[in-house]
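The following exercises are intended for a reader new to this structure. Each task is followed by a solution in steps.

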Number of protein chains: 2
Amino acid sequence: MTVKQLSIPELVADCVELGIPGIGLWRDPVQQYGLDATAKLVRDAGLTVTTLCRGGFFTAIEPAERAAALDDNRRAIDEAATLGTDTLVLVSGGLPAGSKDLHGARERIADALSELGPYAEQHGVRLAIEPLHPMFASDRCVVSTLAQALDIAERFPAHQVGVTVDTYHIWWDDTAPAQIARAGASGRIHTFQLADWITPLPEGVLNGRGQIGDGAIDMREWRRYVEDAGYTGPIEVELFNDDLWARDGHELLKETADRFVEHAIR
Amino acid sequence: MTVKQLSIPELVADCVELGIPGIGLWRDPVQQYGLDATAKLVRDAGLTVTTLCRGGFFTAIEPAERAAALDDNRRAIDEAATLGTDTLVLVSGGLPAGSKDLHGARERIADALSELGPYAEQHGVRLAIEPLHPMFASDRCVVSTLAQALDIAERFPAHQVGVTVDTYHIWWDDTAPAQIARAGASGRIHTFQLADWITPLPEGVLNGRGQIGDGAIDMREWRRYVEDAGYTGPIEVELFNDDLWARDGHELLKETADRFVEHAIR
């Protein structure tokens, strides 16, 4: 999604050229290019698929809506398995229209996972609850902190349900380092994502994620937290930003790879 | 600030007419109308000044900037005393330009309070650290949760430093009710403010506070938390919203009073 202006073949070719060993994919572009075609293209290029984004949206109250969400998540798990990734990232969903009940919405997420966890396990896929920044609590994700995500995840085996650690969503939280240690201790850090925090936030706040190094987040510090917690998996960069998307995608991917090395690795 | 389109005399007259017994004032409009004139007008009308907004912005690193901030806060304390309110609300400040050090910024807040707390006490004024929503952590307030605010406040006597509980900033936080109890147990809930959470957030996110009843927050629930924690002080409504400010101020104040009764009191 960081370079959504690139087609899947362009993305794969650029990753090979830049030495980027793996890519996190989103369902929409994969479906547009074709699931099997994408799986083959990525595999033949020698790349890994780090994660698939995204399942989730579990907070509906209506039975028909809930059944449709579960069906869609089973399809997402199937797609993840076909792509060869072991991790499906979950954005859990916001409050249903008119509801003020955050606790009830969080419980419905756990209900959904009790059905999806075993299905995911059968397909070799782990579910990764992503806490989203509290500014998304009403309209996108009622899970706002790593502690809340782990409170839900820990009801299930770690190979079924863990968490996504994304710097953009948790950087402000002084309790997050301890929660990363908690997640690591039970093997529940299923992916680690980077984006920087920049202001002013744009209208709607969704597409304001900053290029690595442009903002307030110390990437090395957060990398140290997850690695100290035992995480050895891939590090993804996930930017949604209208200004970045307006640029040439090849150049943006090169810049992102350079920034990643400069701010997260060196 | 909820009805900033009204002049101070219009605000006072409307409050008397609507039976609103107290008002929270902001420094700018008070200074424009005149500090002594405002104090006399409000006192003669039989209203109380619930709080003065705002002091703070303690996170600068440069000595000259820090000294200027302390001077300005001493003036704010003087103004609060003149207005007859016992509470100065503090917005603590964001990260200095180029800094990524949230912890250091929070420590500089505590440093400033060690100088201002005794000065405030001498003037009969309590300082109320306001945790702001985490979406303001970089540019406005590095104190994002009640727990963080209390970790700082508890280094000082409660009659010097407490907290502001504002529904808008903490509604997403499932640990906030326990923190309200913690604040109440040491007499540190210095004011309680209401605003509702509505989306989409506007660009810059500052002026997106929703009219009571328009959003995702259960006002009665939060009122119960502060009252169960022993709070018996005033309840303020604080809205910043460009759409509301574009309306007739008299009508908006009447609506706000009605919404307050409907959603927070009944």
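A helix such as α11 is a DSSP run of H or I with at least four residues, and helices are numbered from the N terminus. The lining of a pocket consists of residues that have an atom within 4 Å of one of its grid points. The model examined here is predicted.

**Exercise 1. The second largest pocket**

Task: State which helix supplies the largest share of the lining of the second largest pocket, and describe that lining.

Solution.
- Step 1. Begin with the volume: the second largest pocket has about 610 Å³.
- Step 2. Find its centre. Among the 29 lining residues, I20(B), G22(B), I235(B), E236(B) and V237(B) are the closest to that point.
- Step 3. List the elements of chain B that each supply at least two lining residues: α1 (8–18), β1 (22–26), β2 (48–56), β9 (235–237) and α11 (249–265).
- Step 4. Identify the main contributor. With six residues, α11(B) provides the largest share of this lining.
- Step 5. Sort the lining by class: 17 residues are nonpolar, nine are polar and three are charged.

**Exercise 2. The largest pocket**

Task: Determine which element gives the most residues to the lining of the largest pocket.

Solution.
- Step 1. The volume of the largest pocket is about 790 Å³.
- Step 2. This pocket is lined by 37 residues, of which G22(A), I23(A), G24(A), V237(A) and L253(A) are the closest to its centre.
- Step 3. Two or more lining residues come from each of these elements of chain A: α1 (8–18), β1 (22–26), α2 (27–33), β2 (48–56), β9 (235–237) and α11 (249–265).
- Step 4. The element that gives the most is α11(A), with six residues.
- Step 5. By class, the lining of the largest pocket comprises 22 nonpolar, eleven polar and four charged residues.

**Exercise 3. The cavity and an unusual backbone angle**

Task: Name the residues around the largest cavity, and state where F57(B) lies.

Solution.
- Step 1. Count the cavities: the structure holds one of 30 Å³ or more.
- Step 2. The space in the largest cavity is about 50 Å³.
- Step 3. Its lining is made up of F57(B), F58(B), T59(B), A60(B), E65(B), R66(B), A69(B), L70(B) and A112(B).
- Step 4. Helix α4 (residues 63–83) of chain B contributes four residues, the largest share of this lining.
- Step 5. Six residues of the cavity lining are nonpolar, one is polar and two are charged.
- Step 6. Turn to F57(B), which is located in the loop between β2 and α4 of chain B. Although F57(B) is not a glycine, its phi is positive, at about 55°.

**Exercise 4. The interface between the chains**

Task: Describe the contact between chain A and chain B, and state how many salt bridges are counted between them.

Solution.
- Step 1. In chain A, 30 residues are in contact with 30 residues of chain B.
- Step 2. The two chains bury about 2300 Å² between them, and carbon and sulfur atoms give 60% of this area.
- Step 3. K100(A), W171(A) and W172(A) lose the most area on the chain A side, together 25% of what that side buries.
- Step 4. Consider the polar pairs: zero salt bridges are counted between the chains, whereas twelve residue pairs are in polar contact.
- Step 5. On the side of chain A that touches chain B, α5 (102–122) and β7 (196–197) are the elements that give two or more residues.
- Step 6. This side of chain A has 14 nonpolar, nine polar and seven charged residues.

**Exercise 5. A salt bridge and two cis peptide bonds**

Task: Locate the salt bridge formed by D71(A) and the cis peptide bonds that precede P200(A) and P200(B).

Solution.
- Step 1. Recall that side chains of opposite charge can pair when their charged atoms come close.
- Step 2. Over all chains, the structure holds 32 salt bridges.
- Step 3. One of them links D71(A) with R74(A), whose closest N and O atoms are 2.9 Å apart. This separation falls within the 4 Å cut-off.
- Step 4. Both D71(A) and R74(A) belong to helix α4 (residues 63–83) of chain A, where three residues, or about one turn, separate them.
- Step 5. In chain A, T199(A) and P200(A) are joined by a cis peptide bond with omega of about 0°. P200(A) is in the loop between β7 and β8 (209–210) of chain A.
- Step 6. In chain B, the peptide bond from T199(B) to P200(B) is cis, with omega near 0°. P200(B) is placed in the loop between β7 (196–197) and β8 (209–210) of chain B.

How values were computed
Residues numbered from 1 in each chain as written. Chains lettered and ligands numbered in written order. Predicted model: local features only at pLDDT ≥ 70, side-chain atom pairs only at ≥ 80, totals over all residues. Heavy atoms only, no water. Contact = heavy atoms within 4.5 Å. Buried area = accessible area lost by both parts, 1.4 Å probe. Salt bridge = Lys/Arg side-chain N within 4 Å of Asp/Glu carboxyl O. Polar contact = N/O pair within 3.5 Å; in protein donor to acceptor, adjacent residues only side chain to side chain. Nonpolar A, V, L, I, M, F, W, Y, C, P; charged D, E, K, R; others polar. 1 Å grid on protein atoms, 1.4 Å probe; cavity = no way out; pocket = protein on both sides within 12 Å on 5 of 7 lines; lining within 4 Å. Points joined across faces, edges and corners; volume = space filled by probe spheres on them.
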